[in-house]
Amino acid sequence: MEVLLPKLPSFKFPSPSYCCSITTRSSSYVKFGFRRLSSLTVCASTVNEAVTEPTLGSPSLGHSTRPHFPILHQEVNGSKLVYLDNAATSQKPTAVLKALQNYYEAYNSNVHRGIHSLSAKATDEYESARRKVAAFINASDSREIIFTRNATEAINLVAYSWGLSNLKKEDEIILTVAEHHSAIVPWQLVAQKVGAVLKFVKLNQDEVPDIGKLKEMLSKKTKIVVVHHVSNVLASVLPIRDIAHWAHDVGAKVLVDACQSVPHMVVDVQSLNVDFLVASSHKMCGPTGIGFLYGKIDLLSSMPPFLGGGEMISDVYFDHSTYAEPPSRFEAGTPAIGEAIGLGAAIDYLSGIGMQTIHDYEVELGRYLYERLLSVPNIRIYGPVPSEKVERAALCSFNVENLHPTDLATFLDQQHGVAIRSGHHCAQPLHRDILRVNASARASLYFYNTKEDVDNFIQALHDTVNFFNSFK
């Protein structure tokens with residue numbers, strides 16, 4: 001049964017000066033003085049970055065990789081940190097931190113614009129990162145990789161460059177009701193300019209976008225299909241290869257938001273045969289401030305620039321300019337050089353583990369999270385039920401009857417050191433119009449999480465629910 005949550009104010013705690021009791025994780029009493037943050041020192045030089053393939057009886061992938069992430073080894077509000085907000089951003093291994101530090105300490109310089117040694121080194125490393133991204137998603141050519149500020153900018157690039165050049169009045173853009181705002185709003189803006197129409201695929205009874213309905217909606221009017229690979233709310237996984245095949249049959253292009261898939265599974269753009277794909281560095285162990293767009297080279301070569309300025313030109317005259325070939329055409333100005341190098345280091349790290357290894361581990365851990373959450377009374381978990389035939393990503397969005405998710409998240413953080421997310425997760429239409437709730441809580445896992453993390457979270461969640469229910 002769906003739960004309609006009222007808009008409640010976030011729970012107000014007394015000021016620290018009024019209290020008193022510091023308790024264990026399992027206590028239902030309230031402890032105060034929440035703002036204290038004590039970190040445990042982890043020496044980067046002692047962290048062994050090598051990851052061995054788990055075998056029977058060996059530590060899990062989570063236990064093997066946790067030493068590589070210094071931020072995980074600290075206490076938050078007097079409790080050991082349990083970080084379960086990975087769908088929002090991932091933590092960074094020491095290898096990535098060192099790559100960033102090395103760039104700024106050893107060869108910080110602008111790229112493509114100098115013949116001196118530092119500039120040459122920076123350029124080599126920047127372009128090496130592009131090649132690493134291309135190899136990671138199996139692009140046929142590194143020119144098909146455009147560095148952007150984030151996935152949001154990558155989608156806007158396609159919307160404004162390809163969209164404004166190719167869409168006209170009454171053309172149709174197909175999306176699902178589970179899309180992130182960054183996949184909806186740019187196409188709304190472009191549609192308003194050209195008179196195109198947005199059509200949305202609803203959910204089926206399993207709370208997954210209805211792919212059968214999507215196929216039925218495709219027609220010669222359809223010019224582009226914009227879909228997620230993995231939902232950041234429902235944890236559902238869409239059959240992108242099938243969607244691309246159906247879309248291409250009617251002459252439409254396909255743009256995939258892969259922010260929740262590229263960090264967690266093998267993604268092969270040639271096998272999927274998508275036209276555009278976007279992802280973010282910060283969700284895949286890399287720095288913030290950089291993402292990428294994959295586009296088929298023939299499409300990118302036909303698209304006009306998105307931003308004007310240095311680097312993206314061939315020649316500039318007083319009355320006109322000519323433009324560079326991709327990828328430079330779409331990378332105006334000084335790029336995020338250090339961040340690109342950090343992303344390259346993150347890809348090296350992930351590749352060293354193996355994306356199939358990461359995926360297999362997360363499938364097991366995600367199912368464990370789902371099953372443990374079912375022990376919480378009056379809980380509603382959104383999205384499909386995992387089974388042998390139904391794949392779920394390693395995240396769960398949920399609500400507990402009559403408790404506001406922000407109150408849950410606040411108490412979990414301040415009383416137990418558990419980091420989850422609350423809100424509409426940049427999917428407001430999905431929450432308001434489809435799930436019929438204002439917000440949800442979300443726990444999301446990555447390969448450095450463990451079953452102990454899940455157990456600690458569930459114990460803390462029971463304690464939190466009991467605390468709020470004690471006021472009824």
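This passage walks through a predicted model of one protein chain, from its overall make-up to a few individual residues.

Start with the whole chain. It holds 14 helices and 18 strands. Of its 472 residues, 54% count as buried. Its accessible surface comes to about 20300 Å², and carbon and sulfur atoms account for 52% of that. Among contacts with a separation of 6 or more, 71% join residues that sit 24 or more positions apart.

Two helices are worth a walk along their length. Helix 5 covers residues 181–194, and at 1.5 Å a residue its 14 residues should span 20 Å; the C-alpha atoms at its ends are 20 Å apart, so the expected and modelled spans agree. A good part of this helix is tucked away from the surface: Ser182, Ala183, Ile184, Pro186, Trp187, Val190, Ala191 and Val194 are buried. An α-helix has 3.6 residues a turn, so residues three or four places apart point the same way. What do the buried residues of helix 5 pack against? Their partners include two helices' worth of residues, helix 4 (151–166) and helix 13 (428–435). The strands they pack against are strand 6 (172–176), strand 7 (197–201), strand 8 (222–228) and strand 9 (253–257). Right after helix 5 comes Gly195, with a positive phi near 85°.

Helix 11 (residues 355–373) gets the same check. Its 19 residues should span 27 Å at 1.5 Å a residue, and its end C-alpha atoms lie 26 Å apart, which agrees. The buried residues in helix 11 are Met355, Thr357, Ile358, His359, Tyr361, Glu362, Leu365, Gly366, Leu369, Tyr370 and Leu373.

Helix 11 also turns up in the empty space inside the model. The count comes to one cavity of 30 Å³ or more, and the largest cavity holds about 140 Å³ of space. Its lining is made of 16 residues, and those closest to the centre are Gln260, His264, Glu362, Ala393 and Ala394. Helix 11 supplies the largest share of that lining, with three residues. One of the residues closest to the cavity centre, Glu362, is among the buried residues of helix 11. Sorted by class, the cavity lining has eight nonpolar, five polar and three charged residues.

There is open space to look at as well. The largest pocket takes in about 360 Å³. Of the 23 residues lining this pocket, His180, Asn232, Gln260, Lys283 and Cys426 are the closest to its centre. The pocket lining divides into eleven polar, seven nonpolar and five charged residues. Gln260 is named both among the residues closest to the centre of the pocket and among those closest to the centre of the cavity.

A few spots in the backbone stand out for their angles. Pro326 and Pro327 are joined by a cis peptide bond, with omega about 5°. Pro327 sits in the loop that runs between strand 13 (321–323) and helix 10 (337–353). Two glutamates have a positive phi. For Glu170, in the loop between helix 4 and strand 6, phi is near 75°. For Glu207, phi is near 60°, and this residue lies in the loop between strand 7 and helix 6 (211–217). Are these two glutamates buried or exposed? Glu170 has 48% relative accessibility, so it counts as partly exposed. Glu207 has a relative accessible area of 12%, which means that it is buried.

Two other residues round out the picture. Ser231 is found in the loop between strand 8 and helix 7 (240–249). Despite that loop setting, Ser231 counts as buried, at 0% relative accessibility. Setting aside neighbours within four places in sequence, Ser231 is in contact with Ala178, Ser236 and Leu395.

Asp453 belongs to helix 14 (residues 451–469). At 3% relative accessibility, this residue counts as buried too. With neighbours within four places in sequence left out, Asp453 is in contact with Arg66, Val82, Leu84 and Tyr448. How far apart are the C-alpha atoms of Asp453 and Leu81? They are separated by 9.1 Å, although the two residues are 372 residues apart along the chain.

Terms used. Residues are numbered from 1 along each chain as its sequence is written. This is a predicted model: local features need pLDDT of at least 70, side-chain atom pairs count only at pLDDT 80 or more; totals for chains, interfaces and linings use all residues. Side-chain values use heavy atoms; hydrogens and water are left out. On a 1 Å grid over the protein atoms alone, a cavity is a set of points where a 1.4 Å probe fits but cannot get out, and a pocket is an open set with protein on both sides within 12 Å along at least five of seven lines; lining residues have an atom within 4 Å of a point. Grid points are joined across faces, edges and corners, and a volume is the space filled by probe spheres set on the points. Helices (H or I, at least four residues) and strands (E, at least two) are DSSP runs, numbered from the N terminus. Ala, Val, Leu, Ile, Met, Phe, Trp, Tyr, Cys and Pro count as nonpolar, Asp, Glu, Lys and Arg as charged, and the others, Gly among them, as polar. The expected span of a helix is 1.5 Å times one less than its number of residues. Buried means under 20% relative accessible area, exposed over 50%, partly exposed in between (1.4 Å probe, protein chains only). Contact means heavy atoms within 4.5 Å. Accessible areas come from the Shrake-Rupley method with a 1.4 Å probe; for residues, only the protein chains shown count as cover.
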